[in-house]
Every structure is written in C-alpha cells, then in structure tokens.
Amino acid sequence: MVKEEKEENRGSVEFQVFSFTNKIRRLASHLELHEKDFSSERSLRRLLGKRRRLLAYLAKKNRVRYKKLIGQLNIREQ
C-alpha cells in the first residue's frame, strides 16, 4: 500500500488486513526459529482468524476491492 493511503485510512478493512499480514509474516518467521514457542503460535492463530474474517467480510461487501487486496498482498490463490 502507498504510504499516503496507510496514513489516511487506518480504520479501513484494507489497512487492517495489511497490518495483520505483516504481523503474521513476522510471527511465522519467528516460529521457524523457535518451534516450541506456543504462546506466539497461539497469537499467530488468532491473527489468522481475524484476517480471515475481515477478508470474508470484504469479499461479501465488495468483490473488486477483495480481489485487488489479495493480489497486492499475494496471500491467496486466485
């Protein structure tokens, strides 16, 4: 996302998904090194659930924005 867009629309679904995706990627790389860190694994699962629910909401409300977002973040098969 463009920096100006991030600063303007911090409450938008796109920004929230973008933020969750960054956190998910950081936690996933952390868990590759620390396999037995179960509290971080739980946090990762919670973030994945939140992102999944937001993406389902966006797909239901506006399919074009949904497709654009998953294309930008490269998170799902299209």
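A salt bridge joins the side chains of R65 and E14, with an N to O distance of 2.5 Å. R65 belongs to helix α4 and E14 to helix α2, so the pair ties together parts that lie 51 residues apart in sequence. The two partners are not equally accessible: R65 is partly exposed, at 36% relative accessibility, whereas E14 is buried, with a relative accessible area of 15%.

The model is a predicted one. Its mean pLDDT is 90, and 87% of the residues reach 70 or more. Confidence is highest in α3, at a mean of 96, and lowest in helix α1 (residues 3-8), at 56.

The count of salt bridges comes to two. The other pair is E41 and R45, whose side chains meet at 3.0 Å, N to O. These residues are four apart in helix α3, so about one helical turn separates them. An α-helix has 3.6 residues a turn, so residues three or four places apart point the same way. E41 is partly exposed, with 25% relative accessible area, while R45 counts as exposed because its relative accessibility is 57%, above the 50% cut-off.

Helix α4, which holds R65, also has a buried face. Its buried residues are Y66, L69, I70 and L73. They cover an arc of only 90° around the axis and therefore lie on the same side of α4. V64 and K68, on the other side of the helix, are exposed. The buried residues of α4 pack against α2 and α3.

L69 shows this packing at the level of one residue. Leaving aside neighbours within four places in sequence, L69 is in contact with E14, V17, L55 and L58. E14 is thus a contact of L69 as well as the salt-bridge partner of R65.

The largest nonpolar core has 17 residues, and V17, L55, Y66 and L69 are those with the most contacts inside it. At least two of its residues come from each of α2 (13-33), α3 (38-61) and α4 (63-73). The largest share, seven residues, is supplied by α2. In soluble globular proteins, nonpolar side chains tend to be buried together.

Both ends of α4 have a local feature. At the N-terminal end, N62 caps the helix, with a side-chain oxygen 3.3 Å from the backbone nitrogen of V64. Just after α4, N74 takes a positive phi of about 55°.

Technical notes: Residues are numbered from 1 along each chain as its sequence is written. This is a predicted model: local features need pLDDT of at least 70, side-chain atom pairs count only at pLDDT 80 or more; totals for chains, interfaces and linings use all residues. Side-chain values use heavy atoms; hydrogens and water are left out. A nonpolar core is a set of buried Ala, Val, Leu, Ile, Met, Phe, Trp, Tyr and Cys residues joined through side-chain atoms within 4.5 Å. Buried means under 20% relative accessible area, exposed over 50%, partly exposed in between (1.4 Å probe, protein chains only). Contact means heavy atoms within 4.5 Å. pLDDT is the predictor's confidence in each residue, from 0 to 100. A salt bridge is a side-chain nitrogen of Lys or Arg within 4 Å of a carboxyl oxygen of Asp or Glu. The arc is that of the directions from the helix axis to the C-beta atoms. A polar contact is a pair of N or O atoms within 3.5 Å; within protein, one must be able to donate a hydrogen and the other to accept it, and residues adjacent in sequence count only if both atoms are side-chain atoms.
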